Amino acid sequence: MNYPDLKFWQKSRRLSTEIYRTVQTFPQEERGGLCQQLRETAAQIPTDIAIGASSKYHEFAIRQLQMAKAGLFKLETLILIAEDLEYIDEDKLDTILQDITACQKLMDDYARSMNKPKVKA
């Protein structure tokens, strides 16, 4: 599978970029804390997808996809903490949460398609 063609990889990559831009507005004292966690988590999601999609082993690909999805849940939690600390406004939060949900749905659809039994002709 050519991972750049996967819509959820494309969307997760854009989400990662948005997170990087968002944390630039956080207070300086968060640069090594919450900012770093958000950046690392956001960057790991499309990376896990790319690694899984490039594997010829089905089980490994599924495991990487599960790791990417877990990363989305971690990212969601971290961004909610950032909102709790008033580092991001509600509009930005809503946009990011919508993007996370869209990625999760696309990944779920893809995972279901991977697990469908192959029909032999």
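In what order do the elements of the protein chain run from the N terminus on? Colour the model by secondary structure and follow the chain: the elements run α-α-α-α. That makes 4 helices and 0 strands. Keep in mind as you go that this is a predicted model.

**The whole chain**

Zoom out before picking residues. The C-alpha trace spans about 60 × 25 × 20 Å along its principal axes. Of the 121 residues in the protein chain, 39% count as buried.

**First stop: Phe-8 and Tyr-110**

Now turn to the aromatic rings. Searching the whole structure gives 3 aromatic pairs. Select Phe-8 and Tyr-110 and show their side chains: their rings form a tilted pair, 5.0 Å centre to centre with 50° between the planes. Phe-8 belongs to helix H1 (residues 7-23) and Tyr-110 to helix H4, so this pair ties together parts that lie 102 residues apart in sequence. If you switch on a surface, remember that both Phe-8 and Tyr-110 are buried.

**Second stop: Phe-26 and Tyr-87**

Next, select Phe-26 and Tyr-87. Their ring centres are 5.2 Å apart and their planes meet at 45°, so this pair is tilted. Here the two partners sit in loops: Phe-26 between H1 and helix H2 (34-53), and Tyr-87 between H3 and H4. The pair links distant parts of the chain, 61 residues apart. Are these two residues buried or exposed? Phe-26 and Tyr-87 are both buried.

**Third stop: Glu-86**

Stay in the loop between H3 and H4 and select Glu-86, which is found there. Check its backbone: phi is positive, about 65°, although Glu-86 is not a glycine. That deserves a pause, because most residues other than glycine have a negative phi. Glu-86 is exposed, because its relative accessible area of 71% is over the 50% cut-off.

**Last stop: the acidic patch**

Which residues form the negative surface patch? Select Asp-89, Glu-90, Asp-91 and Asp-94 together, and you have it on screen. Then single out Asp-89, which lies in the loop between helix H3 (58-84) and helix H4 (90-115). With a relative accessible area of 47%, Asp-89 counts as partly exposed, because that value falls between the cut-offs of 20% and 50%.

**A last look at one loop**

To finish, display the loop between H3 and H4 once more. Glu-86, with its positive phi, is found in this loop. Tyr-87, the ring partner of Phe-26, is in the loop between H3 and H4 as well. Asp-89, one of the residues of the negative patch, also lies there.

Note on methods:
Residues are numbered from 1 along each chain as its sequence is written. This is a predicted model: local features need pLDDT of at least 70, side-chain atom pairs count only at pLDDT 80 or more; totals for chains, interfaces and linings use all residues. Side-chain values use heavy atoms; hydrogens and water are left out. Patches are made of residues with over 30% relative accessible area and no salt bridge: like charges are joined within 9 Å, nonpolar side chains (Val, Leu, Ile, Met, Phe, Trp, Tyr) within 5 Å. Accessible areas come from the Shrake-Rupley method with a 1.4 Å probe; for residues, only the protein chains shown count as cover. A salt bridge is a side-chain nitrogen of Lys or Arg within 4 Å of a carboxyl oxygen of Asp or Glu. Lys and Arg count as positive and Asp and Glu as negative; His and the chain ends are not counted. The place of a charge is taken as NZ of Lys, CZ of Arg, CG of Asp or CD of Glu. Helices (H or I, at least four residues) and strands (E, at least two) are DSSP runs, numbered from the N terminus. Buried means under 20% relative accessible area, exposed over 50%, partly exposed in between (1.4 Å probe, protein chains only). Rings of Phe, Tyr and Trp (its six-membered ring) pair if their centres lie within 6.5 Å; planes under 30 degrees apart count as stacked, over 60 as edge-to-face and the rest as tilted.
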